[in-house]
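Hi,

Here is the structure I promised to pass on. Have a look at it first, and my notes on what turned up follow below.

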Amino acid sequence: MADNKFFCRMYENEFPKVDDVVMVNVRQIADMGAYVKLLEYGDREGMILLSELSRRRIRSVQKLIRVGRDEVVVVLRVDEEKGYIDLSKRRVTPEDIIKCEEKYNKSKAVHSILRHVAEKNDMPLQDLYESIGWPLYKKFGHAYDAFKMAIVDSEAVFAGISMSDDVQKELLSIIKRRMTPHPVKIRAQLDLRCTGIDGVNAIKAALKAGESVGSEEVPIKITYLAAPFYVVTVDSLDKKLGFDIIEKSIEAIKTELDKHAWTKFKVEKEAKLVSDSDDKDFAALLAQAEKENELVSGDEDEGDAVAASDDDM
């Protein structure tokens, strides 16, 4: 595997250090413990000793660890000469797991991008790590953070980094394609009714209150579907923020509507992420509703015309 020019460890150090928390994949379970490969260090072999699998008494190793599963472990001992790496699963804290998974996922994204560039330009992956990846790790703490910054300011990020124009062009292209955030669309459907004397104005005020919760970053659009249904749509780069905003918008609509008599408020369809197919279905539904509304309007206009002619008579 070492001869594969598109294969390389993720970090500059060939071995992890004692107390480092690393991601491994379980390869084999033996009497002494579990043999694993260190995913961030070129699949170097390590071992989780049986005594380091759990703080509790081990009744079944298979329930604690399974072949093929990724595990977060802490490094106990490293013998670089012999290549031995002893690891522990039982000494890992929940906070360690969160931090390690976050770091590993970022490193994996960087690795995938650099490997793509290496394959595209038929050059050794390690050369790209030595000239681009590892210098960016040193300069920015993590190459992933550098790549994200490069989307808006590549000159500042790549200043002092040695690479050809072709490599930089390909690198930037794939970074932008994979790492530029895409907005999510969230939609909910409401049933709004007000049979009071000022019903139309009451609903207008409620919708205005709902839309006012939005901002330039997270706009809210409220669409009339067909009486008494209205659809609230939010676009946001942050899914959690999008759901928070749409819930606040719905609450603002309800609060305003409750100020008036003879009203009804109901969330007909809960807020949910909108897929491309959902969006197409909604567009078709909206087009159909608009067509039906036009027909109704046409009927009313025709009735008005008849009434007018009757008056003339």
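**What I found**

Four strands make up an open sheet, ordered E7-E8-E6-E9, with antiparallel pairing. At its edges are strand E7 (220-226) and strand E9 (263-273), each of which pairs on one side only. From one strand to the next, the twist averages 20° (axes are lines fitted to C-alpha atoms, for helices over the stretch in contact, and angles run from 0 to 180 degrees between N-to-C directions). Within the sheet, strand E6 (residues 184-194) and strand E8 (residues 229-236) run antiparallel and are joined by 8 bridges. Alanine 188 has valine 232 in E8 as its bridge partner.

Before I go on, some ground rules. This is a predicted model, where local features need pLDDT of at least 70 and side-chain atom pairs count only at pLDDT 80 or more, while totals for chains, interfaces and linings use all residues. Residues are numbered from 1 along each chain as its sequence is written, and side-chain values use heavy atoms, with hydrogens and water left out. Helices (H or I, at least four residues) and strands (E, at least two) are DSSP runs numbered from the N terminus, and two strands pair if DSSP finds at least two bridges between them.

**Earlier in the chain**

Strand E1 (residues 21-29) has two partners to look at. It pairs with strand E4 (residues 70-79) in the antiparallel sense over 5 bridges, and valine 22 is matched with valine 73 in E4. E1 also runs antiparallel to strand E2 (residues 33-38), again with 5 bridges, and there valine 26 has valine 36 as its bridge partner. The connection from E1 to E2 is a hairpin through 3 residues.

**The cores**

The largest nonpolar core (buried Ala, Val, Leu, Ile, Met, Phe, Trp, Tyr and Cys residues joined through side-chain atoms within 4.5 Å) has 52 residues, and Leu87, Leu136, Phe147, Phe158 and Leu171 touch the most other members. Buried here means under 20% relative accessible area, with exposed over 50% and partly exposed in between (1.4 Å probe, protein chains only). Among the elements that supply at least two residues each are E1, E2, E4 and helix H3 (125-140). This core lies between domain 1 (20-91) and domain 2 (98-179), because both give residues to it; the domain bounds come from an automatic or database assignment. A second, separate core of 21 residues includes Ala188, Leu207, Val234 and Ile246.

**Rings and charges**

The whole structure holds 4 aromatic pairs (Phe, Tyr or Trp rings, the six-membered one for Trp, with centres within 6.5 Å; planes under 30 degrees apart are stacked, over 60 edge-to-face, the rest tilted). Tyrosine 11 and tyrosine 41 have ring centres 5.5 Å apart and planes at 75°, so they are edge-to-face. Tyrosine 11 is in the segment before E1 and tyrosine 41 in the loop between E2 and strand E3 (44-49), 30 residues apart. Tyrosine 11 also pairs with tyrosine 137, with centres 5.7 Å apart and planes at 85°, so that pair is edge-to-face too. Tyrosine 137 sits in helix H3, so this pair ties together parts 126 residues apart in sequence. Tyrosine 11 and tyrosine 41 are buried, and tyrosine 137 is buried as well.

The charged end of lysine 103 sits over the ring of tyrosine 11, 4.7 Å from its centre (the cut-offs are NZ of Lys or CZ of Arg within 6 Å of the ring centre and within 35 degrees of the ring normal). Arginine 187 likewise has its charged end over the ring of phenylalanine 282, 3.9 Å from the centre.

Cheers
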